[in-house]
Amino acid sequence: MNAVLLSHHLKSLKLPTILREYTTIAAQCAQAKGDYATFLLQLCERELLERERKATERRVREAGFPVIKTIDLFDFKAIPSLNESLLRELLRGEYLQKSENILLIGNPGTGKTHLATSLGHTACTQGKRVRFTSVIALVTQLLEQRESKGLARFMKQLEKLDLLILDELGYVPFSKSGAELLFDVISRAYEKTSLIVTTNLPFEQWVEVLGSERLTGALLDRLTHRVHILEANGESYRLANAKARLKGKKN
Ligand code: ADP
Ligand code: MG
């Protein structure tokens, strides 16, 4: 009868992990001659840990990473030009507390998207709200939202984020209103939401994508006011890999 009642109470209190584990932990505690407080503490710890794990899982899902890439999968030796100590420092997440930005610059295939995803994934585990999007997809979405009068709501959602990752500011130029909307997002993020931008374009060429010189200047001003720059220059990892595989086949 006690078990039935307890199960009922734990369900109403929404403590599923305690419900699942209390018999096992009770047995362990009895064997170790632990006291009641230790038993209760262990139960609470399990419940908390499980909640944390679930919350992180939800944040990772909501972030919308195209593929989940973590830093332990990154081979630093493949890209000696990258400032590894700065990257490791950034993974600790203080930049998020200070709403600072990160710019990842380098030629294609050098791991910029991988690194941005790793930073974003780590931020999720640190309890931060993250969104990953390619710059083009964001601009398209902004234009669509404006069309359907959903822009204000969409902007509000973006403002709730701790970290917005804008992947691949590339060679495709935006329309005038597209560039203005992107500028708007970056302005609103200023000193509130951290931004990570990845790009293969040197600053001089941003104007070609954004159109107006004044807008580019203002955008760069906001983006780079408090920024950490990581340069990933070198041979494309994909290319190097493909070459190595080819060589392997020949031998
Ligand atoms: P970029 O965004 O700079 O074009 P990506 O991050 O998309 O490059 O990298 C291309 C592919 O190569 C991805 O699958 C990525 O995980 C992998 N990759 C790139 N650099 C490394 C590296 N140093 N270690 C491990 N994998 C890497
Ligand atoms: Mg990329």
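**View 1. Thr24 and Thr17, two threonines of helix 2 in the predicted model.** Thr24 has its place in helix 2, in a model that is predicted rather than determined by experiment. Thr24 counts as partly exposed, because its relative accessibility is 46% and so falls between the limits of 20% and 50%. Looking along the chain to Leu41, which is 17 residues away from Thr24, the C-alpha atoms of the two residues are separated by 14 Å. Thr17 is also found in helix 2, which covers residues 16-31, but Thr17 is buried, with a relative accessible area of 3%. When residues up to four places away in sequence are not counted, Thr17 touches Arg46, Glu47 and Glu50.

**View 2. The cysteines Cys29 and Cys44.** A search of the whole structure finds 0 disulfides, and Cys29 is accordingly in no disulfide, the nearest cysteine sulfur being that of Cys44 at 12 Å. Why does the sulfur of Cys44 form no bond with the closest cysteine sulfur? The closest cysteine sulfur, in Cys29, is 12 Å from that of Cys44, which is too far for a bond. As for accessibility, Cys29 counts as buried at 8%, whereas Cys44 counts as partly exposed at 36%.

**View 3. Domain 1 and domain 2.** The protein is divided into domain 1, residues 2-63, and domain 2, residues 71-239. The C-alpha centres of domain 1 and domain 2 lie 39 Å apart. Contact between the two involves 5 residues of domain 1 and 8 residues of domain 2.

**View 4. The parallel sheet and its edges.** An open sheet is formed by 5 strands in the order 2-3-4-1-5, and the pairing is parallel. At its edges stand strand 2, residues 130-134, and strand 5, residues 227-231, each of which pairs on one side only. On average, and with direction ignored, neighbouring strands of this sheet are turned by 15° against each other. At the edge formed by strand 2, this strand pairs with strand 3 in the parallel sense over 5 bridges, and Val130 stands opposite Leu163 of strand 3.

**View 5. Strand 4 within the sheet.** Is strand 4 largely enclosed or largely open to its surroundings? Strand 4 is largely enclosed by the rest of the structure, because 6 of its 6 residues are buried. Both of its faces are covered, with Ser194, Ile196 and Thr198 buried on one side and Leu195, Val197 and Thr199 buried on the other. Strand 3 is joined to strand 4 by 5 bridges, the two strands running parallel, and the bridge partner of Leu164 in strand 4 is Leu195. Strand 1 also runs parallel to strand 4 and is joined to it by 4 bridges, with Ile102 standing opposite Ile196 of strand 4.

**View 6. Helices lying across the strands.** Helix 4, made up of residues 84-91, lies across strand 1 and strand 5, and it runs at about 135° to strand 5. Helix 7 lies across strand 2 and strand 3, running at about 95° to strand 2.

**View 7. The largest nonpolar core and a second core.** Which of the 32 residues in the largest nonpolar core touch the most other members? These are Leu166, Phe174, Leu182 and Trp206. At least two residues of this core come from each of several elements, including strand 1 (101-105), strand 3 (163-169) and strand 4 (194-199), as well as helix 7 (135-147), helix 8 (151-159), helix 9 (176-189), helix 10 (206-210) and helix 11 (213-223). Helix 9 gives the most to this core, with 7 residues. For Phe174, leaving aside its neighbours within four places in sequence, the residues in contact are Val135, Ile136, Val139, Leu169, Ala179, Leu182, Val209 and Leu210. A second core, separate from this one, has 28 residues, among them Ala63, Phe74, Ile79 and Leu91.

Conventions: Residues numbered from 1 in each chain as written. Chains lettered and ligands numbered in written order. Predicted model: local features only at pLDDT ≥ 70, side-chain atom pairs only at ≥ 80, totals over all residues. Heavy atoms only, no water. Core = buried A, V, L, I, M, F, W, Y, C linked by side-chain atoms within 4.5 Å. Buried < 20%, exposed > 50% of the residue type's maximum accessible area, 1.4 Å probe, protein only. Contact = heavy atoms within 4.5 Å. Disulfide = S-S within 2.5 Å. Pairing = 2+ DSSP bridges. Axes fitted to C-alpha atoms, helices over the stretch in contact; angles between N-to-C directions. Domains from an automatic or database assignment.
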